[in-house]
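Hi,

Here is the structure I promised to pass on. Have a look at it first, then read my notes below.

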Amino acid sequence: MNTIVEKDKQFVWHPYTQQATVSDHICIVRGKDALLYDSNGKAYIDVVSSWWVNLHGHSHPHIAQKVFEQALTLEHVIFAGFTHEPAVSLAERLLKYLPENQSKIFYSDNGSTAVEVALKMAIQYWQNKGEYRKKIIAFEHAYHGDTFGAMSVSGRSAFTKPFDSFLFEVEKIAVPFAGQEEISYAQMQSVLDGDIENQIAAFIYEPLVMGTAGMKMYAPEALDKLMGACKEKNILCIADEVMTGFGRTSRFFASDHMSHKPDLVCLSKGLTGGTLPMGITACTEEIYQAFYSKEASKTFFHGHSFTANPMGCASALASLDLMEQEHTFKNINRISGMHKKFVLDIKDDIHVLEARSFGTILAVELRDTDGSSYFSKNRELIYNHFLSRGIIGRPLGNIVYAIPPYCITDEQLECFYEACRDLLFLLKKNI
Ligand SMILES: *Cc1c(COP(=O)(O)O)cnc(C)c1O
């Protein structure tokens with residue numbers, strides 16, 4: 001056996017992994033475009049963009065070059081009392097793409113933290129204005145990260161269970177899925193109408209696609225209405241664009257599909273093209289101004305050792321260079337078109353409960369034929385089905401999905417679709 005895999009067992013603890021039952025981890029030695037290669041030279045098509053982060057393909061030479069140059073120039077500097085060109089350039093450039101009401105960029109280092117920062121900013125914003133607001137509105141089954149604040153505004157599940165008694169309470173409303181729009185809006189209205197003491201600080205949401213919930217999708221008009229209801233009461237809207245940012249939904253940000261604009265925007269994952277860890281929380285001038293004061297107590301006392309890491313910023317700038325190249329949005333539209341066709345092709349299969357796509361994101365929800373655990377029991381089977389075909393397709397329960405790098409080829413996508421069709425065929429044989 002590969003000694004790396006052996007030593008992995010001896011020394012390493014993996015995320016979201018029951019170490020006692022997991023099979024050997026596959027040792028990846030290099031990546032190129034949409035492919036990853038293991039230590040035996042086997043290639044895998046990375047349709048999940050390595051946990052939804054990669055935009056332009058693995059080990060992209062432009063990003064690698066810019067990170068290398070930055071590492072030789074300035075690898076890191078404390079970001080309190082000091083600044084640097086990559087952080088300022090990135091803020092200036094990103095603000096051109098963010099919704100036009102966005103005004104300031106606050107740096108951190110991952111998606112959960114970008115969410116924590118947004119929640120803390122929202123709460124302190126109200127305090128700085130003399131109001132003690134302590135309630136947050138969030139969607140049922142949401143996922144905003146694994147730190148305590150982010151877990152609190154996420155759905156309660158097996159993942160959060162050991163910590164549930166430590167999490168703060170949140171006003172939960174139904175997601176406005178097709179057919180559920182009115183229920184969702186009514187719940188929002190009832191929460192807002194019930195807020196006679198003005199306790200609600202913010203509404204946080206994953207705009208249009210809820211990743212961890214199973215790539216569940218809902219319509220822009222429905223979210224716009226919910227945002228409008230919050231805006232009427234001056235409740236802050238927090239768009240968690242950690243997964244949906246940077247072209248995933250065929251617009252630069254998912255927030256671009258709505259007419260109402262968020263007050264705070266959380267970014268990570270694709271921010272650096274998926275090369276280095278980095279988080280950003282963007283906010284409006286109005287939020288920024290609530291902290292801008294000669295009173296020290298109004299300061300936002302939050303920061304991380306690696307805040308605005310120069311190499312992370314260089315990587316994000318290089319990724320923006322690539323986003324701005326014409327072929328990137330051409331690819332996004334190409335993938336989006338192929339996904340749509342595939343959805344039409346398989347949506348009526350008896351084993352498909354629902355097939356859906358939004359931009360570059362595709363999900364196939366398999367029908368549960370044997371109680372709720374049927375396909376989760378088969379999760380391993382599905383995972384291995386894709387692996388044996390040289391595809392990394394990590395299902396979310398009974399939901400198979402793709403969120404590929406934009407450089408994925410038509411042939412590679414077809415290969416994934418074909419593996420999905422084979423899976424449906426396999427399930428038919430099993431019944
Ligand atoms: C992944 C994700 C997060 C958490 O980001 P991490 O970098 O994994 O902490 C938060 N929100 C959404 C919508 C995500 O998809």
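What is the handedness of the crossing of helix 3 and helix 10? The crossing is right-handed (the near helix is turned clockwise from the far one by less than a right angle; anticlockwise would be left-handed).

Before the rest, some ground rules. This is a predicted model, where local features need pLDDT of at least 70 and side-chain atom pairs count only at pLDDT 80 or more, while totals for chains, interfaces and linings use all residues. Residues are numbered from 1 along each chain as its sequence is written, and side-chain values use heavy atoms, with hydrogens and water left out. Helices (H or I, at least four residues) and strands (E, at least two) are DSSP runs, numbered from the N terminus.

Back to that helix pair. Helix 3 covers residues 61-73 and helix 10 residues 310-323; their axes come within 8 Å and cross at roughly 150 degrees (axes are lines fitted to C-alpha atoms over the stretch in contact, with angles from 0 to 180 degrees between N-to-C directions). The two helices are therefore roughly antiparallel (over 145 degrees; under 35 is roughly parallel, 65 to 115 roughly perpendicular, the rest oblique). Among the residues that meet there are Ile63 and Val67 from helix 3, and Met311 and Leu322 from helix 10 (contact means heavy atoms within 4.5 Å).

Next, the open sheet. Its 7 strands come in the order 4-12-11-10-7-5-6, with mixed pairing (two strands pair if DSSP finds at least two bridges between them). The edges are strand 4 (102-108) and strand 6 (171-173), each pairing on one side only. Strand 6 runs parallel to strand 5 (residues 135-139), over 3 bridges, and Glu171 in strand 6 is the bridge partner of Ile137.

Strand 14 (residues 361-366) is largely enclosed by the rest of the structure, because 6 of its 6 residues are buried (under 20% relative accessible area; over 50% is exposed, in between partly exposed; 1.4 Å probe, protein chains only). Strand 14 pairs antiparallel with strand 13 (residues 352-358) over 6 bridges, and also antiparallel with strand 15 (residues 399-402) over 4 bridges. Leu362 stands opposite Ser357 and also opposite Ala402 in strand 15.

Finally, the cysteines: a search of the whole structure finds 0 disulfides (a pair of cysteine sulfur atoms within 2.5 Å). The sulfur of Cys237 is 4.8 Å from the closest one, in Cys230, which is too far for a bond.

Over to you!
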